[in-house]
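Welcome, and thanks for taking a look at this one with me. Please open the sequence and the model side by side before reading on.

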Amino acid sequence: MRIVVMSDRWRQVAFQALLCVALALSTKSMADSENLPVQAYDQSAIGRRGYFYVGGRYAGEDGKNIMRGQMYVEVLTPKTARRPYPIVLFHGSAQTATNWMGTPDGRKGWADYFVEQGYVVYLIEQPMRGRSAWHPGDGATRMFTAQELERLFTGTSARGNWPQAKMHSQWPGSGLKGDPIFDAFYATQVETLVSSEETERANQAAGVALLDMIGPAILLTHSQAGYFSWLITDKRPALIKANIAIEPAGPPIENVIFATGKGRAWGLTNIPISYDPPLTDPKDLAIFKEDHAASSDLTPCWLQKEPARQLPNLRGIPTLVVVGEASYHAVFDHCTVSWLNQAGVKTDFIRLENEGLQGNGHMMMLEKNNLDIAKLLDEWIQRNVR
C-alpha cells in the first residue's frame, strides 16, 4: 500500500479547488431556488455592456448653461460576434428603450435575441425622452392615456375601429386597464414632445452623431422613429447598411386613424429631406390621391405624379417595411412602401400574416410571438445585407 504525503502547498491548492466547487454548487442552488418577484431571463450571451451619450449642445445664457438634445445610448456586445454590422434600435412615440429589453409579462426582448445571434446592439432613448433629459425650453409634451393605448396598441380586438382590429390575438393578456400585463406596460410610458418637427430635427442630429461615432450600422426603427430611418440615412447614406422600419410613421401626406388632417408634407417626413430634382418647398411636390384602394380594408394612397422626384440618398440601401395583421398600420403602410418605391427606393414589404405570423398589433416586439418576428428580421438581414 502506497501512502501519498501532500505538501502544505498542495494541500492549500486542493482545498481551494474544493472550495470553488462547493461555492459553484451553492450558487447554482441559490439561483435555482431564488424566488424573484418578477420573471427574469437569461442574458449569458452578453459579453459586455455599457452606456454613453451622443449629440447635445450647451444652451442658455453664460453662467447658466444647460445641455440640450443629447441622446442616451446603451450598447450590448455578444460574447461571440457573428454579424458584421451592429443594429441600432430606435423606439417610437412615448416609449423608451425598455421596448427592446423585455416584455411586460417578463419574456426575452429583441435586444437579447439579436445579441444571441451575434450582433452588437445599440439601444437609444430619443432626445428629450426618458434618460435623454427634457427641459422646459424644449417645448410642450403629451402623455398617452390608458384608453388610447388600449385602442391603438394592446386591446385593439375590443377597442379598435379599423377593419383588421378584430384579428388582434398576440398581446399577452386582455390588453385592457386593470390587467397586470397592461398595467406593467402602461407604467413604462413617458411623456413625448408634441412637436413632430422638433422631434425629427433632434433625432436626426443625434442619430448622425451616433453613426459618426460607431460607423456602419443597420437601423431598426419602430412607429414614430420611422421618420429617423429616412432622415438619418439622408445625412449619412454611406453608413447605413439597411433600414428596417417596423410600422413606420405614415402614411404620406395625410393622416389616417391615429390622427386626422395633413401630415408629412415632405412625403415621408415633416422636415426637409433630399429629393432629385431638388425640392425647397414641399408645396412644389406634384401629388395626387388614388381614386380607390386595392381593397375595402385599405386606404387610398397619396402618390407623386410622374415623373416622380427621387430620394437619391436612400436609393440602393436594403429597405424593409413590416406590418402586423391586426395593427392600425395594416390599413396604410402599403402607401409608405409605394411612396418609397416610386421615389427609387427599392423596398421590401412584409405583412406578417403572409409569413404565417398572425394576429399581431402595433407593439409586435412585445407580443407573444415576438421572437419569431425577430428571427424573420434576422433572416432578411442575412439575405440582403452584404
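Here are some numbered notes to guide a first look.

1. Ground rules. This is a predicted model, in which local features need pLDDT of at least 70 and side-chain atom pairs count only at pLDDT 80 or more, while totals for chains, interfaces and linings use all residues. Residues are numbered from 1 along each chain as its sequence is written, and side-chain values use heavy atoms, with hydrogens and water left out.

2. The sheet. A good place to begin is the open sheet of eight strands, whose order is β1-β2-β4-β3-β7-β8-β11-β12, with mixed pairing. The edges are held by β1 (46-59) and β12 (347-351); each has a single partner strand, so one side of each is left without a neighbour in the sheet. On average, neighbouring strands of this sheet are turned by 20° against each other, direction ignored. As for terms, strands (E, at least two residues) and helices (H or I, at least four) are DSSP runs numbered from the N terminus, and two strands pair if DSSP finds at least two bridges between them.

3. The β1 edge. Strands β1 and β2 run antiparallel and are joined by twelve bridges, with Arg-48 standing opposite Thr-77 in β2. Six residues lie between the strands of this hairpin, where Gly-60 takes a positive phi near 100°. On to the next pair: β2 and β4 also run antiparallel, joined by five bridges, and Leu-76 stands opposite Val-121 in β4. Ten of the 13 residues of β2 are buried, so this strand is largely enclosed by the rest of the structure. Here buried means under 20% relative accessible area, exposed means over 50%, and partly exposed is in between (1.4 Å probe, protein chains only).

4. The β12 edge. At this end, β11 (residues 319-323) and β12 run parallel, with five bridges between them. Val-323 has Arg-351 in β12 as its bridge partner.

5. Helix α7. Which strands does α7 lie across? This helix (residues 196-214) lies across β1, β2 (66-78), β3 (87-90), β4 (121-125), β7 (217-222) and β8 (240-246), and runs at about 130° to β1. Such angles run from 0 to 180 degrees between N-to-C directions, the axes being lines fitted to C-alpha atoms, for helices over the stretch in contact. With 19 residues, α7 reaches 26 Å from its first C-alpha to its last, close to the 27 Å expected at 1.5 Å a residue; the expected span is 1.5 Å times one less than the number of residues. Its buried residues include Thr-199, Glu-200, Asn-203 and Leu-211. Just after α7, Gly-215 takes a positive phi of about 90°.

6. Helix α9. This helix (residues 333-342) is mostly covered, with eight of its ten residues buried; among them are Asp-333, His-334, Cys-335 and Trp-339. The cover over these buried residues includes α8 (226-235), β9 (287-289), β10 (302-304), β11 and β12. Gly-344, which follows α9, has a positive phi near 90°.

7. A residue to click on. Is Thr-154, in helix α4 (residues 146-154), buried or exposed? Thr-154 is buried, with a relative accessible area of 2%. Leaving aside neighbours within four places in sequence, Thr-154 is in contact (heavy atoms within 4.5 Å) with residues including His-168, Trp-171, Gly-175 and Phe-182. A polar atom of the Thr-154 side chain lies 2.6 Å from the backbone oxygen of Gly-175.

8. Charged pairs. Side chains of opposite charge can pair when their charged atoms come close. A search of the whole structure finds 14 salt bridges, each a side-chain nitrogen of Lys or Arg within 4 Å of a carboxyl oxygen of Asp or Glu. One of them joins Asp-378 and Arg-83, with the closest N and O atoms 3.1 Å apart. This pair links distant parts of the chain, 295 residues apart: Asp-378 is in helix α10 (residues 370-384), and Arg-83 in the loop between β2 and β3. Asp-378 counts as buried, at 4% relative accessibility.

9. A small network. Arg-131 and Glu-125 form a salt bridge, their closest N and O atoms being 2.7 Å apart. Glu-125 is buried at 3% relative accessible area, whereas Arg-131 counts as partly exposed at 37%. Salt bridges that share partners join Arg-49, Glu-74, Glu-125 and Arg-131 into one network.

Definitions and conventions:
Polar contact = N/O pair within 3.5 Å; in protein donor to acceptor, adjacent residues only side chain to side chain.
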